[in-house]
Every structure is written in C-alpha cells, then in structure tokens.
Amino acid sequence: MAVRQIWINGEEKLDQFEFIVPCHFGLESVMKKEITDLGYPVVKVEDGRVTFSGDAGAISRANVFLRTTERVLLKAGSFRAETFDELFEGTKAIPWERYFPKDAKFWVAKASSIRSRLFSPSDIQSIMKKAMVERMKGAYGLTWFPEDGASFPLRVFLNKDEVTVGIDTTGESLHKRGYRTLTSKAPITETLAAALLMLTPWKRDRILVDPFCGSGTFPIEAAMMAANMAPGMNREFLSENWPHLIPKRCWYDAVNEANDCLDLSVETDIQGYDIDGEIIRAARANAQAAGVDHLIHFQRRPVSELSHPKKYGFIVTNPPYGERLEEKKNLPELYRTFGEQFAALDSWSAYVITAYEDMERYFGRKAAKNRKIYNGMMKTYFYQFPGPKPPSRARQG
C-alpha cells in the first residue's frame with residue numbers, strides 16, 4: 001500500500017507517523033534534545049524511550065543523524081490487554097495493510113513485559129503473529145502469505161498491561177557505526193558514549209582527553225561530533241527496502257544533508273591515552289575506519305602521566321571497574337593516582353562513568369553531580385566534576 005500523498009500550497013506532504021526511540025535509562029533528556037534539534041515535536045518521554053512525530057522522511061533522517069538511540073521504531077499502535085484474547089483482538093485491530101505489502105516478512109522479534117498480567121514473551125510473539133495474519137487475510141483477500149519480500153520485525157513493550165507495538169526501521173543496531181572492529185576488554189557502546197558527551201558542556205573548540213581510552217570510543221564519538229559527521233551516513237538500514245512507505249528520495253535527501261553538514265577541516269584538541277600499546281593501535285585503526293583519525297591524537301601513556309599545558313580542558317572517560325578479583329585490588333591506587341593528576345590540571349572538568357562504588361573516596365573529592373546509568377545490565381554512575389568556565393577571550397583563542 002503506497003503512502004498517501006497530500007498537496008498543500010503546491011508542496012507534497014507525506015502521512016504523519018509516531019516514532020519510538022529507545023535510550024539508556026537516565027538519558028532521556030539527551031534523546032529528547034537530539035530529536036527537537038532535528039526539528040521534530042516530542043510526543044512523550046518515558047523511562048528508557050522517547051516518542052516523537054514526523055513524516056516518512058523522519059525515518060531516514062532519524063536513522064542517519066541520531067547519535068544516542070539503538071534504533072528507530074515506527075509506532076503501529078497501542079492498546080490495553082490483560083488477557084491473550086485482548087492481545088489478539090488489539091493486534092488484529094491495527095491496520096497492518098498500511099505498513100506491510102502482500103509479500104512482507106513480518107514477525108515479533110522481541111517482546112518485553114513489565115508489571116503486566118501477560119509476561120511470557122514466546123506466547124505474546126505467537127499470538128500477535130496469528131492476529132497479524134488474520135488481519136492481512138481480510139485486507140488482501142489471501143489465505144496464505146509467501147513472506148519472501150522485505151523484512152518487518154516488530155518490537156513489543158507491555159507496561160502495566162498497556163501494549164505498545166513498534167516496527168523496527170533500523171535493522172542492525174545504530175550503535176554499530178561500522179568503525180569499531182577492535183575493542184578493549186570493557187567497551188562502552190558508541191550510543192552511550194555519545195550521550196554522555198552530550199551531558200557535558202564540552203564543545204569542539206575545547207580540549208578533550210580520555211586517559212583510559214581503550215578502543216577509542218569517547219575520542220572518536222567526540223571527533224565525529226566536532227566534524228558534524230552524522231553517525232549513520234555510511235551504513236544501510238532495514239527500511240531502505242520499504243519504498244511503499246518511504247520514498248527513495250527521502251534517503252537521498254538525508255545522506256545529502258549529512259554530507260552538506262560534514263566539516264572534516266575543523267581543528268580539534270582531542271586526545272586518547274591508554275597504558276596498553278596494542279589497545280592504542282586498535283584505537284588508531286578504529287579512528288581511521290571512522291574517518292576522523294586526523295582529529296585525534298592517541299598515545300600510550302599511563303594515568304600517572306596525565307597532564308596538559310593548557311587550561312579549561314575536559315576529561316571524559318570510562319576507567320576500569322575491576323570486574324575480575326585480581327584487577328579489583330589495584331583499583332584504589334589507580335583511582336587515587338587519577339585523582340591526583342586531575343587535581344594538578346588547572347581549571348579542568350572531569351566526567352567519569354564507572355561501576356566502582358569507591359570512586360569518590362579514592363579520587364579524593366565528591367562529585368558535584370552523580371547520575372545512575374545502566375550500561376547494559378550493569379549499574380554504573382556518571383560522576384561529574386565541572387570546572388570553571390573559561391573567559392570568553394580564552395575560549396576564542
């Protein structure tokens with residue numbers, strides 16, 4: 001079924017949709033700002049996700065430009081269901097023919113349930129699939145569907161018996177920018193790194209150092225931001241194969257817009273250090289794959305040699321947590337040394353994400369702010385030690 005096209009004052013308009021973008025718990029405000037900066041109105045902010053509205057072009061622009069979400073879901077519908085009969089009828093009432101062509105491959109890829117009477121993911125997936133087929137039978141006058149066309153995986157959320165259904169427009173997660181082929185032992189995802197950078201006042205004209213850079217995710221994401229490089233401009237998306245919903249020109253327009261924004265000539269002072277020489281080589285390779293290696297200086301350097309001649313810089317880092325027992329005994333000295341080196345940096349700010357609960361004790365100072373953030377299933381804390389703002393003349397220099 002083609003997208004309905006409306007003409008207003010001689011200009012083509014596409015149907016409006018609602019979209020759901022999941023994010024890390026505690027970082028909803030960052031996700032909201034990203035969406036409003038793209039020019040789309042936010043409909044709702046909930047724990048771990050933000051809903052906004054836009055036309056079909058928003059699918060391509062959101063996938064290409066958003067830095068802090070894992071995927072963009074096209075909201076198909078929502079309804080209340082306390083029984084499997086209600087789940088079946090609510091699913092069947094959604095106009096699936098608006099989204100799926102006759103040959104579509106469609107299934108519930110993931111179902112999650114919180115504080116709801118229906119909690120079995122496999123049963124939810126099976127019943128919703130049957131309901132979708134029943135709806136499609138009536139809409140298309142068919143009794144069997146080949147499902148050999150484009151893919152339409154669904155993600156379903158049940159919260160307090162309220163069912164929300166989204167169609168995944170992204171495919172492979174957006175955190176997979178394509179540059180990170182080599183990783184360190186405890187990597188931070190690209191989307192989380194970008195979100196944490198956005199929580200800080202850092203801008204591209206300010207110094208940024210990661211003394212525990214690992215595979216380089218913080219410096220690389222910072223360099224991409226500095227160059228206005230859209231994170232999804234060089235990858236593919238599942239919904240590119242949905243021309244009945246998203247005209248091809250929407251994808252061309254989004255990529256052209258990304259290219260117009262790109263500025264690889266920007267001057268930066270972004271540095272990444274790590275004590276492991278192999279890891280530093282991996283970080284350089286990743287930065288090269290991202291196309292921002294010329295904007296970052298990577299160096300093998302222990303935290304005991306953390307220093308910089310200039311003022312008003314930023315440290316944004318993900319130091320070791322001590323997941324293994326043999327590593328845990330070294331953490332007090334590591335964080336103590338880190339804190340001493342930071343104290344010697346005049347007018348600097350530090351932003352540290354770690355699961356180490358004695359961070360402030362050994363770092364030697366209490367954070368001005370401390371935000372709880374889940375990095376996957378691990379509870380971590382984002383400690384914020386903001387320094388003074390530079391004078392306007394120093395910032396210009």
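**Notes on a predicted protein chain**

1. Let's start with what is tucked away: 52% of the 397 residues in the protein chain count as buried. Here buried means under 20% relative accessible area, exposed means over 50%, and partly exposed is in between (1.4 Å probe, protein chains only). Keep in mind that this is a predicted model, where local features need pLDDT of at least 70, side-chain atom pairs count only at pLDDT 80 or more, and totals for chains, interfaces and linings use all residues. Residues are numbered from 1 along each chain as its sequence is written, and side-chain values use heavy atoms, with hydrogens and water left out.

2. What is the chain built from? The secondary structure comes to 12 helices and 16 strands. These are DSSP runs numbered from the N terminus: helices are H or I with at least four residues, strands are E with at least two.

3. Now the overall dimensions. The C-alpha trace spans about 75 × 50 × 35 Å along its principal axes. The radius of gyration of the protein chain is 24 Å, which agrees with the value near 21 Å that a compact globule of 397 residues would have. That radius is taken over C-alpha atoms, and the globule rule is 2.2 Å times the number of residues to the power 0.38.

4. A word on contacts, meaning heavy atoms within 4.5 Å. Take the contacts between residues at least 6 apart in sequence: 77% of them join residues at least 24 apart.

5. On the outside, the accessible surface comes to about 18700 Å², and 49% of that belongs to carbon and sulfur atoms. The areas come from the Shrake-Rupley method with a 1.4 Å probe; for residues, only the protein chains shown count as cover.

6. Helix 1 (residues 28–38) is a nice one to look at. Its buried residues are Glu28, Val30, Met31, Glu34, Ile35 and Leu38. They cover an arc of only 165° around the axis, so they sit on the same side of helix 1. The arc is that of the directions from the helix axis to the C-beta atoms. On the other side of helix 1, Lys33 and Asp37 are exposed.

7. What covers those buried residues of helix 1? The cover includes strand 3 (16–22), strand 4 (42–46), strand 5 (49–55), helix 2 (57–65) and helix 5 (190–199). Right after helix 1 comes Gly39, which has a positive phi near 100°.

8. Strand 5 also holds Ser53. Is Ser53 buried or exposed? Its relative accessibility is 18%, so Ser53 counts as buried. Leaving aside residues up to four places away in sequence, Ser53 touches Phe17, Glu18, Phe19, Tyr40, Pro41 and Val43.

9. Two residues that are not glycine are worth a look for their positive phi: Asp161, at about 70°, and Tyr312, near 60°. Asp161 is in the loop between strand 8 (151–159) and strand 9, while Tyr312 is in the loop between strand 12 (296–300) and strand 13 (314–317). With 4% relative accessibility, Asp161 counts as buried; Tyr312, with 18%, counts as buried too.

10. Finally, find Lys176 in the loop between strand 9 (162–168) and helix 5. Lys176 has 41% relative accessibility, so it counts as partly exposed. Its C-alpha atom is separated by 15 Å from that of Pro22, and the two residues are 154 residues apart along the chain.
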